[in-house]
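Please open the model in your viewer and display the chain as a cartoon. The tour below proceeds from the whole chain to selected strands and then to one residue in a helix.

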Amino acid sequence: MSGFAFVVSKGKVQELGVKDALKQGGELVWVHLTTTDEHAQQWLTDQAQLSPYVIEALTANETRPRCDAVGEGAVINLRGLSTEELAASDPLASIRIYAHADHVFSVTRKPMQALDNIRVAVTHGAILDPGDLIAGMAEEITEELDPVVAELGDMLDDCEEKIAAHGVFELRILVNRIRIRAIGYRRFLAPQRLALERLASLPGDWLRDDDRLHLSSAADRAARMVEELESIRERAALTHETLTDLRAEQIDQRSLLIAVVAMIFLPLTFITGLLGMNVAGIPWAHEPWAFWGVTGLCIAISAAITLYFMRRHWFPRGL
């Protein structure tokens, strides 16, 4: 089990070991655990003396963004970007937080980008109490996700501009990738917005008015990202349908071209096959002009069939 701890007391910040932090007092005692093993549950039970419900919420394998009031405190689960490459179905790392009075316990299983910035903020004295810590974490997570969601929209804009160009197959792969990422982000951002709104409305002295304002701002930002992801998902579906139609049209055009060419050569194949039979009685077999005559006849028939198809507009566009 690994982790870190900070104690903020009278404006002074101390970074201590996990085991030593609980012995200290102050306006903020933040203990963070980075673990996937059972030692965290044992430590949270024996040392932190948290309730079984809180321990289960902090160490559960599968989580979604949530906010539940627990006595005078709250259990909060948020999702943010990770420094590791995660699966497309679960693209955001989770941080589970329990805040009560002047203590905050947090647990992560995957490294989070926002966590490093929050540690720096605590070290520089920008975070002084549990409300500052949770509001700062929420704002940092949404601030990091915002450009990622915007990038998805820009990528889709580029795809829509290139639809009329070549490379339809490659565009379909890219659009599918954008759509999968948008679905994965929306899966967690939608409940995260609700969790932040609920957290901002919870009673308790450990959340000051400015903390609630920051949480409401983060919730509004998350709501906007959810709307953008919903729009990206719908646009990606429409773009994918358009690309599929273009692909089908290309196949139809090529099939039509093959059919026209086959129709041109079909009578020529019949003539050459008929005159090429190895039987007696083939007309003009011994005439010196026969070869060029048959060749001219085939050219004339080909030209007549081609002209017929052109007048009926059977040739694919672009030819």
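**The whole chain**

In this predicted model, the protein chain contains 8 helices and 7 strands. Begin with the C-alpha trace, which spans about 115 × 35 × 30 Å along its principal axes. The radius of gyration of the protein chain is 35 Å, whereas a compact globule of 319 residues would have a value near 20 Å.

Next, switch to a surface display. The protein chain exposes about 17,700 Å², and carbon and sulfur atoms supply 56% of that area. Of its 319 residues, 40% count as buried. If the charged residues are then coloured by sign, there are 31 positive and 44 negative charges, and the mean positions of the two groups lie 5 Å apart. As for contacts between residues at least 6 apart in sequence, 65% join residues at least 24 apart.

**Strand E3 and its partners**

Select residues 28-34, which form strand E3. Is this strand enclosed or open to the outside? Of its 7 residues, 6 are buried, so strand E3 is largely enclosed by the rest of the structure.

Add residues 2-9, strand E1, to the selection. Strands E1 and E3 run antiparallel and are joined by 7 bridges. To inspect one pairing, display Ala-5, whose bridge partner in E3 is Val-31.

Now add strand E7, residues 103-108. E7 pairs with E3 in the parallel sense, over 6 bridges. Keep Val-31 displayed, and show Phe-105, its bridge partner in E7. Val-31 thus has a bridge partner in E1, namely Ala-5, and another in E7, namely Phe-105.

**The hairpin of E1 and E2**

Return to E1 and select strand E2, residues 12-16. These two strands run antiparallel, with 5 bridges between them. Which residue of E2 is the bridge partner of Phe-6? The partner is Glu-15. Then centre the view on the turn of this hairpin, where 2 residues lie between the strands. Lys-10 takes a positive phi there, near 55°.

**Ser-302 in helix H8**

Finally, select residues 290-311, which make up helix H8, and display Ser-302 within that helix. Is Ser-302 buried or exposed? Its relative accessible area is 16%, and the cut-off for a buried residue is under 20%, so Ser-302 counts as buried. To see what lies against Ser-302, show Ile-264 and Leu-268: leaving aside neighbours within four places in sequence, Ser-302 is in contact with both of these residues.

Key:
Residues numbered from 1 in each chain as written. Predicted model: local features only at pLDDT ≥ 70, side-chain atom pairs only at ≥ 80, totals over all residues. Heavy atoms only, no water. Helix = DSSP H or I, 4+ residues; strand = E, 2+ residues; numbered from the N terminus. Rg over C-alpha atoms; globule rule 2.2 N^0.38 Å. Buried < 20%, exposed > 50% of the residue type's maximum accessible area, 1.4 Å probe, protein only. Contact = heavy atoms within 4.5 Å. Areas by Shrake-Rupley, 256 points an atom, 1.4 Å probe, with all protein chains shown as cover. Lys, Arg positive; Asp, Glu negative; His and termini not counted. Charge placed at Lys NZ, Arg CZ, Asp CG, Glu CD. Pairing = 2+ DSSP bridges.
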